[in-house]
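I opened my notebook to record what I looked up, entry by entry, in a structure that was new to me. The sequence and the model come first, and my notes follow.

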Amino acid sequence: MIFGALAALAAGAVAGIFLALRHFFRKRLPVWAALLHGLGGATGFTLVLLIVVREPSFQLARQALYLLIVTVALGCVNLLFHVRKVRHRTSLIVMHALCAVSGVGTLLYAAFVPAQVPTAAAAPLSATATPTAAATPPPSATTQAVAPSAPTAIASETAPSAATPTPAPSSAPSKSPAGPGDLRQALTRTINFDSASAVISPDSQDAISATAATLNQHPEISLVEVQGHADERGDDARNVELTRARAQAVVEALVVKGVARQRLHAAGYGSRCPADAACQRSDAPASCHDPSRYQDDRRVVFLPLKLGSSAYKGEIACARGAALIPAADAVFHAPGAH
């Protein structure tokens with residue numbers, strides 16, 4: 001969406017430059033150019049507003065929105081001068097242009113420059129272990145983050161091992177490709193949320209930091225789908241909305257920790273894909289509806305889609321959840337692949 005906003009603003013800017021040149025040469029301002037300038041600016045402004053509404057923690061988009069609000073205000077003043085057939089003030093035109101350029105520059109920075117990695121992100125993984133059961137909130141507020149168990153064609157180093165080893169402390173970030181144990185440990189974290197909310201609990205910040213640290217240490221993991229899943233209770237549409245919001249909240253938290261936004265895709269699958277594959281079938285046994293399974297079904301899954309030159313080729317989601325796979329990730333989805 002950010003590139004759509006940039007394209008619309010670029011079209012408006014070209015028309016604006018054309019209008020400014022005719023103004024300085026005291027020539028009549030054509031209506032078509034004024035319309036293109038206004039429509040381009042309005043479309044870009046609307047898209048930036050939608051970005052901020054959908055991703056409230058995207059600070060650069062918020063800053064660009066503020067600059068565009070000032071740009072629109074100055075544009076309205078200039079339009080008022082034009083309607084009243086009073087000659088435009090050059091100072092207002094220059095201010096209008098500077099604010100617009102500043103807003104577009106902020107968007108360009110947000111789109112192409114990854115966030116800087118905080119010092120805390122390089123902390124050893126052993127310092128941010130998975131919270132113990134004693135510290136885990138009640139089941140209604142807990143979501144378990146797990147590594148994917150679906151078949152994959154990514155190079156063997158991405159396949160999770162049968163056990164989860166404890167990583168050894170490290171004094172410096174590793175630059176080698178993530179091994180089975182490293183990836184399994186890094187992407188199997190308990191992430192808690194407030195009940196019926198997409199707000200990450202404070203006790204999950206260590207898990208977020210550890211996951212971000214590993215992704216920052218391993219840039220060869222270039223694309224990860226962050227999946228949100230829920231248990232079977234509640235309305236399907238509400239569960240899909242909630243899991244999508246929780247996945248997006250995890251993405252935003254990782255971006256704050258220095259992970260480049262373009263490496264993360266958020267997806268919400270509601271309760272359509274329980275943790276147990278046997279429970280994903282239409283003829284699932286009655287035991288699949290046992291409340292004891294709810295905590296396992298409430299989870300966040302980190303699914304690596306690209307690792308170096310290798311790409312995932314397997315089931316991103318179960319058959320019932322396939323329709324919810326983001327369009328950008330659907331190319332990696334291969335039902336039944338092993």
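**Strand 3 and its partners**

I began with a single pair of residues and noted that glutamine 227 stands opposite valine 301 in strand 5. I should record at once that this is a predicted model, and I read each entry below with that in mind.

Next I looked up how strand 3 and strand 5 are joined, and I found eight bridges between them, with strand 5 covering residues 299-307 and the two strands running antiparallel. On the side of strand 4, I found that glycine 228 of strand 3 stands opposite glycine 268, and that five bridges join strand 3 to strand 4, which run parallel. I then followed the chain from strand 3 through helix 7 (residues 236-256) to strand 4, and noted that this β-α-β crossover is right-handed.

Is strand 3 enclosed by the rest of the structure, or is it open, I wondered, so how many of its residues are buried? I found that eight of the nine residues of strand 3, which spans residues 221-229, are buried, so the strand is largely enclosed by the rest of the structure.

**Helix 7 and its ends**

I turned to the helix of the crossover and noted that helix 7 has 21 residues and reaches 30 Å from its first C-alpha to its last, close to the 30 Å expected at 1.5 Å a residue. At the start of helix 7, I found a side-chain oxygen of aspartate 235 reaching to within 3.1 Å of the backbone nitrogen of alanine 237. Just after helix 7, I noted that glycine 258 takes a positive phi of about 110°.

**Helix 6**

I then looked up helix 6, residues 205-217, and recorded that it has 13 residues and reaches 18 Å from its first C-alpha to its last, close to the 18 Å expected at 1.5 Å a residue. I found 11 of the 13 residues of helix 6 to be buried, so this helix is largely enclosed by the rest of the structure. Among the buried residues of helix 6 I listed Ala207, Ile208, Leu215, Asn216 and Gln217.

**The cysteines**

How many disulfides does the structure hold? I found two, and I looked at each in turn.

One disulfide joins cysteine 273 to cysteine 318, with 2.1 Å from S to S. This pair links distant parts of the chain, since cysteine 273 lies in the loop between strand 4 (264-268) and helix 8 (294-297), while cysteine 318 lies in the segment after strand 6 (310-311), 45 residues apart. I noted a torsion of about -85° about the S-S bond of cysteine 273 and cysteine 318, so the disulfide is left-handed. Cysteine 273 is buried at a relative accessible area of 3%, and cysteine 318 is buried at 7%.

The other disulfide joins cysteine 279 to cysteine 288, with 2.0 Å from S to S. With -85° about the S-S bond, the link of cysteine 279 and cysteine 288 is left-handed, and I found both of these cysteines buried. When I numbered the bonded cysteines of the protein chain in sequence order, the pairing came out as 1-4, 2-3.

I closed with two further cysteines, noting that cysteine 76 counts as partly exposed at 48% relative accessibility, whereas cysteine 99 is buried, with a relative accessible area of 16%.

Terms used
Residues numbered from 1 in each chain as written. Predicted model: local features only at pLDDT ≥ 70, side-chain atom pairs only at ≥ 80, totals over all residues. Heavy atoms only, no water. Disulfide = S-S within 2.5 Å. Helix = DSSP H or I, 4+ residues; strand = E, 2+ residues; numbered from the N terminus. Buried < 20%, exposed > 50% of the residue type's maximum accessible area, 1.4 Å probe, protein only. Expected span 1.5 Å × (residues − 1). Pairing = 2+ DSSP bridges. Right-handed = clockwise from strand over helix to strand, strands pointing away. Polar contact = N/O pair within 3.5 Å; in protein donor to acceptor, adjacent residues only side chain to side chain.
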